[in-house]
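Open your viewer and get ready to click along. We will look at a whole chain, then zoom in on a single residue.

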Amino acid sequence: MLYEAEVTINLKAGMLDPEGTTIKRALGHLGYNTESVKSTKRYVIELKAESEENARDLVDQMCQKLIANPIIHDYSIDLREIE
Amino acid sequence: MTVAIIQFGGSNCDNDVLHVLQDVLGIDAELVWYKEEKLDEYEAAVIPGGFSYGDYLRSGAIASRTPIMDAVRKLADDGKPVMGICNGFQILTESGLLDGALTTNSYPKFKCEWSYLRVENTNTPFTSMYDEGQIIRIPIAHKDGKFYHDDASLQQLEENNQVVFRYVDENGKPTEAVNPNGSRNNIAGITNKTGNVLGMMPHPERASETIIGSDDGLLMFKSMIESGRK
């Protein structure tokens with residue numbers, strides 16, 4: 001089966017987000033007042049796996065070993081079958 | 001002894017380190033490409049600064065998963081000195097050889113300027129020739145240099161004397177005003193528990209000759225070489 005996983009990487013709660021803060025400030029310059037702006041990173045991964053569970057497990061391993069840094073990040077995985 | 005200077009695609013301080021070791025100190029040093037899998041013939045390794053793999057994913061993340069890092073890990077496990085400067089520090093934290101993470105500066109700007117550091121621990125292979133509490137002048141050049149770790153881990157680092165360098169003012173005070181990047185506890189450099197792996201954001205190789213403004217960093221390389229000879 002072919003799956004598509006959307007991995008979203010967030011900074012852990014309480015961590016400073018300089019990119020988000022900068023964008024918030026720039027929005028302010030344009031006249032948009034926002035309560036907060038948070039930056040995230042999203043990776044879209046296509047992979048073949050035996051089952052949805054298997055695919056999720058593999059993507060979870062990828063997150064732990066490379067895509068996220070557990071010291072500073074939380075991550076979530078959104079998975080769907082595409083074939 | 002021969003020192004390995006690890007080269008990744010995007011390393012750019014490799015030749016500066018080579019110059020200091022070879023030309024200033026007269027030490028055998030070689031550039032080693034990241035595809036090498038063994039470092040058995042070397043007594044120490046330096047991971048230089050730069051922008052390995054364009055800082056893709058996270059600074060140091062891709063380089064930390066290359067074959068040569070297994071060899072660096074072996075060198076470290078054998079108790080030999082391993083020093084990571086700037087991007088090298090990021091690579092060492094990403095590889096798990098050092099604790100913590102380097103994240104984007106509080107004010108997200110690339111900062112290239114002189115900084116004052118206080119030598120917090122002289123009981124390491126890299127600082128044995130300095131005096132405890134000595135204030136040294138070494139430049140920084142980074143955007144992702146804010147040292148972060150959670151409270152409990154930070155306390156552990158402090159209790160184990162793993163914090164080797166702290167950003168301070170000219171008088172040795174670690175104030176918020178002189179913290180260039182928002183690093184927790186003004187941390188500029190740390191070691192592993194056994195002290196033989198050092199990571200630091202400032203560039204000692206850019207402060208190793210008086211003609212370029214400071215030679216305060218030279219003792220770091222000298223200390224490392226002395227300890228490697230023992």
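**Chain A, then one residue of chain B**

Start by selecting chain A: of its 83 residues, 30% count as buried (under 20% relative accessible area, with over 50% called exposed and partly exposed in between, using a 1.4 Å probe and protein chains only). Before going on, note that this is a predicted model, where local features need pLDDT of at least 70, side-chain atom pairs count only at pLDDT 80 or more, and totals for chains, interfaces and linings use all residues. Residues are numbered from 1 along each chain as its sequence is written, chains are lettered from A and ligands numbered from 1 in the order written, and side-chain values use heavy atoms, leaving out hydrogens and water.

Now switch to cartoon view. Chain A shows two helices and three strands, in the order β-α-β-α-β from the N terminus (DSSP runs: H or I of at least four residues for helices, E of at least two for strands, numbered from the N terminus). Show the C-alpha atoms next: they fill a box of roughly 50 × 30 × 15 Å along the principal axes.

Next, select Glu120(B). Where does Glu120(B) sit in chain B? Look in the loop between strand S6 (111-119) and strand S7 (135-142). Glu120(B) counts as buried because its relative accessibility is 16%.

Finally, display the surroundings. Beyond neighbours within four places in sequence, Glu120(B) is in contact (heavy atoms within 4.5 Å) with Glu132(B), Val163(B), Val164(B), Phe165(B) and Arg166(B).
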